[in-house]
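Reader: I should like a close look at one part of this model, namely its largest pocket and the elements and residues around that site. Please set it in the context of the whole chain.

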Amino acid sequence: GNEPSLLLMDEPTADMAPRERIELMQLTAEIVRERNISVLFTEHDMDVVFSVADQVTVMVDGQIIVL
């Protein structure tokens, strides 16, 4: 079929209330599990990043730093 293997999200929680952020990340995690896909998202809120990410890549002055 036409099922994607990767979901791209650009700052998906920007300007969301904390409860909305949690709900969005829970929904995203559910989609990942159900469809067996990966998610690549940009995010500046470290609370969100460290609560949901399996792997983190940091960019500093255009250089990628893998943690």
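Author: The model is predicted, and the account below begins with the chain as a whole before turning to the pocket.

The protein chain contains two helices and four strands. Read from the N terminus, these elements follow the order β-α-β-α-β-β. Along the principal axes, the C-alpha atoms occupy a box of roughly 40 × 30 × 15 Å. Of the contacts with a separation of 6 or more, 53% join residues 24 or more positions apart. Buried residues amount to 18% of the 67 residues in the chain. The accessible surface is about 5600 Å², and carbon and sulfur atoms contribute 52% of that surface. As for charge, the chain carries 4 positive and 13 negative side chains, and the centres of these two sets are 8 Å apart.

The largest pocket holds about 920 Å³ of space. Its lining comprises 29 residues, and those closest to the centre of the pocket are Val39, Leu40, Phe41, Ala53 and Gln55. Five elements each supply at least two residues of this lining: β1 (6–10), α1 (18–35), β2 (38–42), α2 (46–52) and β3 (57–60).

One of the residues closest to the pocket centre, Val39, leads to a position in helix α1, threonine 28. Apart from neighbours within four places in sequence, threonine 28 is in contact with Val39 and Met9. Threonine 28 has a relative accessibility of 10% and therefore counts as buried, since the cut-off for that class is under 20%.

The loops that follow two of the lining strands also merit attention. Glutamate 11 is in the loop between β1 and α1. Its phi is near 45°, a positive value in a residue other than glycine. Most residues other than glycine have a negative phi. With a relative accessible area of 27%, glutamate 11 is partly exposed, because this figure falls between the limits of 20% and 50%.

A second positive phi is found at aspartate 61, a residue other than glycine, where the angle is near 50°. Aspartate 61 belongs to the loop between β3 and β4 (63–66). At 76% relative accessibility, aspartate 61 counts as exposed, because the class begins over 50%.

In summary, the lining of the largest pocket draws at least two residues from each of β1, α1, β2, α2 and β3, while threonine 28 of helix α1 is in contact with Val39, one of the residues closest to the centre of that pocket.

How values were computed. Residues are numbered from 1 along each chain as its sequence is written. This is a predicted model: local features need pLDDT of at least 70, side-chain atom pairs count only at pLDDT 80 or more; totals for chains, interfaces and linings use all residues. Side-chain values use heavy atoms; hydrogens and water are left out. Buried means under 20% relative accessible area, exposed over 50%, partly exposed in between (1.4 Å probe, protein chains only). Contact means heavy atoms within 4.5 Å. Accessible areas come from the Shrake-Rupley method with a 1.4 Å probe; for residues, only the protein chains shown count as cover. Lys and Arg count as positive and Asp and Glu as negative; His and the chain ends are not counted. The place of a charge is taken as NZ of Lys, CZ of Arg, CG of Asp or CD of Glu. On a 1 Å grid over the protein atoms alone, a cavity is a set of points where a 1.4 Å probe fits but cannot get out, and a pocket is an open set with protein on both sides within 12 Å along at least five of seven lines; lining residues have an atom within 4 Å of a point. Grid points are joined across faces, edges and corners, and a volume is the space filled by probe spheres set on the points.
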